[in-house]
Every structure is written in C-alpha cells, then in structure tokens.
Amino acid sequence: MTLVANQPLKIPPSKVIKTVQVGAGFDVADNYIVLHMHAGDLVVTADIPLADEVIDKEGYALNPRGEFYTKENIKQRLSMRNFMDELRGSGVDTGGPGAFSQSNRKEFSDQLDRFLTKRSR
C-alpha cells in the first residue's frame with residue numbers, strides 16, 4: 001500500500017505500507033497516483049476526477065464510504081460533481097456529504113475485504 005500526500009504522513013512501521021510526499025500544488029498528488037498506477041490497482045479516493053482517471057487506466061476506484069466507482073457510474077458522478085461545483089462557484093450553498101458514519105466504515109471495510117478476497121484467488 002502506498003499513501004500519497006503533499007505533507008508528511010506518520011505511519012506505523014510496516015513492510016507493506018510506504019508513503020510518498022509530493023510537492024504542493026493543484027492535483028500534484030492525483031497526477032502522481034495516475035502516473036504511477038497500473039491496470040488492476042486499487043485507488044481509495046473520494047476525488048471523483050481522480051477516480052475517473054483511475055478507471056480510464058483500467059484501475060479500480062473505491063471511495064471511503066464503500067462505493068466503487070465504475071465505468072457505468074463515473075461519468076454521471078463526474079457530471080454531478082461539476083454541476084455542484086458550478087453552483088458553489090456562483091454562491092449557492094449546496095451543503096456537502098453527510099457525516100462519515102459507522103455504517104460507512106463498515107461498508108468500506110466489507111467492500112475492501114470482498115475486493116481483496118476476489119483478487120487473491
């Protein structure tokens with residue numbers, strides 16, 4: 001597992017977890033992820049444009065609430081995200097996602113477990 005961020009991350013000592021610190025700037029971490037990922041890789045992200053690029057490169061994109069973005073749903077999600085961004089840009093208060101809940105955590109855990117189990121066969 002590789003964690004990518006534009007600031008230092010503290011992780012426990014591990015042979016399977018590494019961090020990559022990228023420079024500051026718009027989409028620098030996203031660009032790094034897309035450049036270094038391979039088809040079949042799993043990227044965990046709530047960033048819909050990043051998920052779209054991951055799917056275009058034949059990767060898998062799972063959001064932290066346990067929903068997989070797919071070829072079938074990503075363009076709709078991207079259109080809605082862009083529409084909401086335009087509304088916010090024009091001053092409309094669109095709210096945001098609900099609070100992250102225990103059921104979101106469980107759904108993420110379940111989806112990740114299913115994905116890893118399927119991939120290990």
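**Close-up views of an aromatic cluster**

Among contacts (heavy atoms within 4.5 Å) in the protein between residues at least 6 apart in sequence, 29% join residues at least 24 apart. This is a predicted model, in which local features need pLDDT of at least 70, side-chain atom pairs count only at pLDDT 80 or more, and totals for chains, interfaces and linings use all residues. Residues are numbered from 1 along each chain as its sequence is written, and side-chain values use heavy atoms, with hydrogens and water left out.

**View 1. Tyr 60 meets Phe 115.** The whole structure holds two aromatic pairs (ring centres of Phe, Tyr or Trp, the last by its six-membered ring, within 6.5 Å; planes under 30 degrees apart are stacked, over 60 edge-to-face, the rest tilted). In the pair shown here, Tyr 60 and Phe 115 are edge-to-face, with 5.0 Å centre to centre and 65° between the planes. Tyr 60 sits in strand S4 (residues 60-62) and Phe 115 in helix H4 (residues 102-119), 55 residues apart. Helices (H or I, at least four residues) and strands (E, at least two) are DSSP runs, numbered from the N terminus.

**View 2. Phe 68 meets Phe 115.** Here the rings are tilted, at 5.8 Å centre to centre and 35° between the planes. Phe 68 belongs to strand S5 (residues 68-69) and Phe 115 to helix H4, so this pair ties together parts 47 residues apart in sequence.

**View 3. The cluster and its cover.** Ring pairs join Tyr 60, Phe 68 and Phe 115 into a cluster. Phe 115 is buried (under 20% relative accessible area, 1.4 Å probe, protein chains only) at 11%. Tyr 60, at 35%, is partly exposed (between buried and exposed, the latter over 50%).
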